[in-house]
Amino acid sequence: MTDDSQRNFRSVYYEKVGFRGVEEKKSLEILLKDDRLDIEKLCTFSQRFPLPSMYRALVWKVLLGILPPHHESHAKVMMYRKDQYSDVLHALKVIRFVSDATPQVEVYLRMYQLESGKLPRSPSFPLEPEDEVFLAIAKAMEEMVEDCVDCYWIIRCFVNQLNTKYRDFLPQLPKAFEQYLNLEDSRLLSHLKTCSAVSKLPYDLWFKRCFAGCLPESSLQRVWDKVVSGSCKILVFVAVEILLTFKIKVMALNSAEKITKFLENIPQDSSDAIVSKAIDLWHKHCGTPVHSA
């Protein structure tokens with residue numbers, strides 16, 4: 001048996017017994033052994049495959065610019081990141097904005113506000129809509145990343161990516177959603193229009209919060225792999241697939257309010273299948289990045 005046929009046999013075998021990710025994990029480990037990490041290849045890998053959970057935080061930190069590409073700098077840079085985290089946290093405690101009793105996600109928000117010059121005069125001031133988005137993302141990220149320092153930096157850079165790199169794209173996503181839903185199921189879109197529901201769908205939950213609070217973390221992190229590595233368009237296909245998955249339920253509802261309420265609280269047991277199908281839809285309409293490890 002040649003090397004190629006052995007490899008193909010292994011891949012088919014792994015897929016049949018549920019270990020489809022074994023070959024991908026090996027490919028990622030090869031990429032992570034490079035002395036200087038290739039950001040483009042890591043992005044392409046993340047676009048094509050789900051990241052193994054043991055490497056997700058590392059890859060996200062590199063792709064979000066928290067860590068530099070050079071391995072030998074990682075320990076020193078994370079030491080600086082940890083010191084900065086401690087300094088900002090200490091400052092907030094000194095001015096009595098947070099205490100040991102403050103929920104961790106709120107601590108992350110106040111740190112982010114202080115660093116971005118948006119800390120309100122008093123912690124009792126009402127939260128802005130952008131603060132609510134931050135808290136939703138932080139709450140989901142807290143379930144994915146154990147270390148507080150890593151978690152804060154990933155939230156901070158993830159939110160900054162949404163506010164800078166994707167700022168002009170996010171407002172266009174509702175229109176793209178309508179376009180792709182029409183291609184996949186025009187009858188379903190017609191029903192939404194008949195109910196005057198298209199403009200009232202939970203777009204903020206889907207596209208501003210990136211499904212934080214909608215999908216469980218185990219499914220959400222596979223979506224965020226794509227967002228972190230350069231594609232906010234995946235969010236559109238997750239929304240489309242949610243509608244396709246719950247088509248019968250949605251078609252039975254006859255008002256915009258009922259449809260929106262249902263979509264804001266979808267059953268969690270279908271989420272893994274929804275994300276898998278959404279990624280397939282995304283590849284179908286947008287192509288599959290070519291990975292050259």
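# A tour by selection

Select E184 and K284 to begin: their side chains meet in a salt bridge, with 2.9 Å from N to O. This salt bridge links distant parts of the chain, since E184 belongs to helix α9 and K284 to helix α16 (residues 271-286), 100 residues apart. The model on screen is a predicted one.

Stay with the two partners and look at their surroundings. K284 counts as exposed because its relative accessibility is 55%, and exposed means over 50%. E184 counts as partly exposed, with a relative accessibility of 27%. Helix α9, where E184 is found, covers residues 173-184.

Keep E184 selected and add V240. Their C-alpha atoms are separated by 8.3 Å, while the two residues are 56 residues apart along the chain.

**Next: D185 and K247**

Move on to D185 and select K247 with it. What joins D185 and K247? The two form a salt bridge, and the closest N and O atoms are 2.8 Å apart. D185 lies in the loop between α9 and α10 (186-194) and K247 in helix α14 (residues 247-252), so this salt bridge ties together parts that are 62 residues apart in sequence.

Is D185 buried or exposed? D185 has a relative accessible area of 12%, so it falls under the 20% limit and is buried. K247 is partly exposed, at a relative accessible area of 25%.

**Next: R167 and D168**

Select R167 and D168 for another salt bridge. Here the closest N and O atoms are 3.9 Å apart. Both R167 and D168 are exposed. How many salt bridges does a search of the whole structure find? The search finds 13.

**Next: the aromatic rings**

Turn to the aromatic side chains, where the count comes to 14 aromatic pairs. To see one of them, select F158 and W224. Their ring centres are 4.7 Å apart and their planes stand at 35 degrees, so the pair is tilted. This pair also links distant parts of the chain: F158 is in helix α8 (residues 148-163) and W224 in helix α12 (residues 217-228), 66 residues apart. F158 and W224 are both buried.

Now clear the selection and pick F177, Y203, W206, F207 and F211. Ring pairs link these residues into a cluster.

**Next: F211 and S196, for the backbone**

From the cluster, keep F211 alone. Its place is in the loop between α11 and α12. F211 is buried because its relative accessible area is 0%, under the 20% limit. Now check the backbone angle. Most residues other than glycine have a negative phi. Phi of F211, however, is near 70 degrees, a positive value in a residue other than glycine.

Select S196 for another case. S196 is not a glycine, yet it has a positive phi of about 55 degrees. This serine is found in the loop between α10 and α11 (203-208). S196 is partly exposed, with a relative accessible area of 45%.

**Next: S219 and S276**

Go to helix α12 and select S219, which lies in that helix. What is the relative accessibility of S219? The value is 0%, so S219 counts as buried. Add S276 to the selection. The two serines are 57 residues apart along the chain, and their C-alpha atoms are separated by 8.9 Å.

**Next: V77 and I66**

Select V77, placed in helix α5 (residues 74-94). V77 is buried, with a relative accessible area of 19%. Then add I66. Between the C-alpha atoms of V77 and I66 there are 8.2 Å, and along the chain the two are 11 residues apart.

**Last stop: a charged patch**

Finish on the surface by selecting D34, D35, D38, E40 and E72. What do these residues form? Together they make up a negative surface patch. Narrow the selection to D34. This residue lies in the loop between α2 (21-33) and α3 (39-48). D34 has a relative accessible area of 31%, and is therefore partly exposed.

Methods:
Residues are numbered from 1 along each chain as its sequence is written. This is a predicted model: local features need pLDDT of at least 70, side-chain atom pairs count only at pLDDT 80 or more; totals for chains, interfaces and linings use all residues. Side-chain values use heavy atoms; hydrogens and water are left out. Patches are made of residues with over 30% relative accessible area and no salt bridge: like charges are joined within 9 Å, nonpolar side chains (Val, Leu, Ile, Met, Phe, Trp, Tyr) within 5 Å. Accessible areas come from the Shrake-Rupley method with a 1.4 Å probe; for residues, only the protein chains shown count as cover. A salt bridge is a side-chain nitrogen of Lys or Arg within 4 Å of a carboxyl oxygen of Asp or Glu. Lys and Arg count as positive and Asp and Glu as negative; His and the chain ends are not counted. The place of a charge is taken as NZ of Lys, CZ of Arg, CG of Asp or CD of Glu. Helices (H or I, at least four residues) and strands (E, at least two) are DSSP runs, numbered from the N terminus. Buried means under 20% relative accessible area, exposed over 50%, partly exposed in between (1.4 Å probe, protein chains only). Rings of Phe, Tyr and Trp (its six-membered ring) pair if their centres lie within 6.5 Å; planes under 30 degrees apart count as stacked, over 60 as edge-to-face and the rest as tilted.
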